[in-house]
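Let's take a friendly walk through a protein sheet, strand by strand. Have the structure open beside you as you read.

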Amino acid sequence: MRRSLRRSLAAVSAAGFLLLWSAGPATAATGRIDSAEGTAAGTLSIVFSAIDLPAGSSIDEESVKVQINGQVVPTAVTPIEDAEELPLRTTFLVMDTSGSMNEPTPDGGSRLVAAKGAASAYLRSVPSDVEVGLITFADDATVRVEPTTDRGSVRRAIDALEAAGSTALYDAVVLASKELPTEGVRSQIVLSDGVDEGSSATLPGARAAVEASGATLDAIALGAAAATNPALVQLADSGNGTVT
């Protein structure tokens, strides 16, 4: 959906919002379009995310230009926190709770403990208006918490997680794609350490579900081999996201 939209846009004026994300020092920042929706006024509202900005830095609003089919169009740029009307923003944390998540990590913990730490850090930093839900996957994929701004309910569900069973990764990605709303800025963050085991869905089916949803998919790879897991890489590619 997102890629088709980029190819088919007509030359219209654009109203832009910046979603600023600081992920610590980096050699080169990148960015992506998280959503692009037409408005009743005949403009295009774009939410753009900057990724890997150095800590404490932000985008120079004057530097932002929008081109449609190679033509620069009139643009108004506003940091998303200053927007008069915030877009709906929804995220699912999609967490692996399979048996392999009990594997130890170099710090003496486990992969599940590391995943819980990453999820908790996200909950602490995500803006208060973003609705966050929780899906877990082992033998089955399950919605544990529907998207909500109640951080406490999500945190308690994460704290209670235990690891056992297989790895229904593809089923979980398909479930998150279906459960996300059809409007606004939508994303799923997959935290996993291994390849799929036991899903009824296939990798092509999961990729198709992500692309059809128009949502972003980012993956947090746990374990030395997980970061180069072809499945995680392909799923993130389908969701215009990254593997960390």
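What follows describes one sheet of this model, its strands and the helices around it.

Please keep in mind that this is a predicted model.

**The sheet as a whole**

In what order do the 5 strands of the open sheet stand? The order is β9-β8-β7-β10-β11, with mixed pairing. β9 and β11 (216-221) are at the edges, and each has a single partner strand, so one side of each is left without a neighbour in the sheet. On average, neighbouring strands of this sheet are turned by 15 degrees against each other, direction ignored.

The table below lists how the neighbours pair.

| Strand pair | Sense | Bridges | Example of partners |
|---|---|---|---|
| β8 and β9 | antiparallel | 5 bridges | V132 and T148 |
| β7 and β8 | parallel | 7 bridges | L93 and L134 |
| β7 and β10 | parallel | 7 bridges | M95 and L191 |
| β10 and β11 | parallel | 6 bridges | V190 and A219 |

Another pair to find in the view is S187, which stands opposite T216 in β11.

**How the chain gets from strand to strand**

Start at strand β7 (residues 89-96). Together with helix α2 (residues 111-125) and β8, β7 makes a right-handed β-α-β unit. From β8, a hairpin of 3 residues leads to β9, which covers residues 141-148.

On the other side of β7, look for strand β10 (residues 185-192). From β10 the chain crosses through helix α5 (residues 203-213) to β11, and this β-α-β crossover is also right-handed.

**Which strands are enclosed?**

Now turn to burial. In strand β8 (residues 131-137), 6 of the 7 residues are buried, so β8 is largely enclosed by the rest of the structure. For β10 the count is 8 of the 8 residues, so β10 too is largely enclosed by the rest of the structure.

Which residues of β10 lie on each side? In a regular strand, side chains alternate between the two faces of the sheet. In β10, one side holds V185, S187, I189 and L191, while R186, Q188, V190 and S192 are on the other. These residues are all buried, and both faces of β10 are covered. Here buried means under 20% relative accessible area.

**To look at again**

Try tracing β10 between its two partners: β10 runs parallel to β7 over 7 bridges and parallel to β11 over 6 bridges. Then follow β8, which is parallel to β7 but antiparallel to β9.

How values were computed. Residues are numbered from 1 along each chain as its sequence is written. This is a predicted model: local features need pLDDT of at least 70, side-chain atom pairs count only at pLDDT 80 or more; totals for chains, interfaces and linings use all residues. Side-chain values use heavy atoms; hydrogens and water are left out. Buried means under 20% relative accessible area, exposed over 50%, partly exposed in between (1.4 Å probe, protein chains only). Helices (H or I, at least four residues) and strands (E, at least two) are DSSP runs, numbered from the N terminus. Two strands pair if DSSP finds at least two bridges between them. A crossover is right-handed if, with the strands pointing away from the viewer, the path from the first strand over the helix to the second runs clockwise. Axes are lines fitted to C-alpha atoms, for helices over the stretch in contact, and angles run from 0 to 180 degrees between N-to-C directions.
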